[in-house]
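Open the model in your viewer and get ready to click through it stop by stop. At each stop you will find what to select and what is there.

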Amino acid sequence: MRDLYVLYRGPLASCNYDCPYCPFAKRVDPPALLRADKADLLRFTDWAAATTDRRLSVLFTPWGEGLTRSWYRDAMVRLSHVPHVARVAIQTNLAARTGWLSEANPDVAALWATYHPGQVTRSRFLARCRELDALGVRYSVGVVGLPSHYEEAAALRSDLPAHVYMWVNAAEGHVYSAAEESRWTALDPRFGDSVRPHASLGRPCRAGEDAISVLGDGTVRRCHFIPAPIGNLYDGSWRAGLRPRACTNALCDCHIGYVHLEPLRLRDVYAEGLLERIPHAWPATPESVVPTR
């Protein structure tokens, strides 16, 4: 059975946090948009359950916070029990309750969690992480690599269990000195993947071949960063749109995009942890989880 990686993003854009680096901070979606988002997600979940000729791996990448909405929790649980779904994961700030995950298949469901200093205390965030450990749910934890976040990030790495991978996203617009890059790399050995954009124009990428981006209305794109549609999920035209392609963008600077660039070989690095952003070999060495503070 052939693999298909699906990144799904519906119209939801509301979030309970007001991070200054996020354009969707504290945005409130009107009731009509929330109803549309729920209907779109239910339709997508039905499609995923019915598409039995592919082994699906699904990552929900909402602009806002999805797990505060019951329909995202329900979709995660349902898809985790579908036999041909290898992984279902979601990007989340981990503010919502976690008990619902007891109904999910822990071999399939996973979380990509982000810690936002200033929005939640470290102790509260770590309490959520302990809940996930008790439930046996796979998860990664990450931070945006702003200079003002470093001390909290280092403290979080020290407080997290060694088995939990902590990633660092380079802050948009920030240029890192060699010393800064070195100390962030002490927290995340893969920080170098994020700190500089990757030249991608003309390079082979699996996006559009066995990885797709899906909007709420079923529009299928190669990835989130190339807007041209290649088909629609619900009329079946996406199938004819799949083929090997080179990237048409000059640069790729987002993990969910460049992880599919073939020259980087990052699929080999992450393997079954691709969607929840956990390297296959993590932790590689004891030193890799003991930062210098």
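**A walk through the model**

Begin by selecting A113, which sits in strand 4, the run of residues 109-114. Keep in mind as you look around that this is a predicted model. Is A113 buried or exposed? With a relative accessible area of 0%, A113 is buried. Now add T92 to your selection: T92 and A113 are 21 residues apart along the chain, yet their C-alpha atoms are separated by 4.9 Å. Setting aside neighbours within four places in sequence, A113 is in contact with T92, L94, F125, S140, V141, G142 and W167.

Next, go to helix 1, which covers residues 31-50, and pick out D40. Which side chain of opposite charge is nearest to D40? That is R43, 5.8 Å away. A salt bridge needs a nitrogen and a carboxyl oxygen within 4 Å, and D40 is buried without one. To see what surrounds D40, show Y8, P11, G216, D217 and Y234: these are its contacts once neighbours within four places in sequence are left aside.

Stay with helix 1 and turn to the aromatic rings. How many aromatic pairs does a search of the whole structure find? The search finds 12. One of them joins F44 and F60 edge-to-face, with 6.2 Å from centre to centre and 75° between the planes. This pair links distant parts of the chain, as F44 belongs to helix 1 and F60 to strand 2 (residues 54-60), 16 residues apart. F44 is buried, with a relative accessible area of 0%, and F60 is buried with a value of 0% too. Now select Y8, F44, W47, F60, Y72 and W238 together, and you will have a cluster linked by ring pairs.

For the cysteine stop, select C254. The structure holds 0 disulfides. C254 is in none, and the nearest cysteine sulfur, that of C252, lies 7.0 Å away. As for its surroundings, C254 is partly exposed, with a relative accessible area of 27%.

Finish by colouring the chain by pLDDT. The average is 93, and 95% of the residues score at least 70. Where does pLDDT stay under 50? Select residues 285-293 to see that stretch, for which the model has 17 contacts beyond four places in sequence. Where pLDDT is low, the predicted coordinates should not be read in detail.

Conventions
Residues numbered from 1 in each chain as written. Predicted model: local features only at pLDDT ≥ 70, side-chain atom pairs only at ≥ 80, totals over all residues. Heavy atoms only, no water. Disulfide = S-S within 2.5 Å. Buried < 20%, exposed > 50% of the residue type's maximum accessible area, 1.4 Å probe, protein only. Helix = DSSP H or I, 4+ residues; strand = E, 2+ residues; numbered from the N terminus. Lys, Arg positive; Asp, Glu negative; His and termini not counted. Contact = heavy atoms within 4.5 Å. pLDDT = per-residue confidence, 0-100. Phe/Tyr/Trp six-rings, centres within 6.5 Å; stacked < 30°, edge-to-face > 60°.
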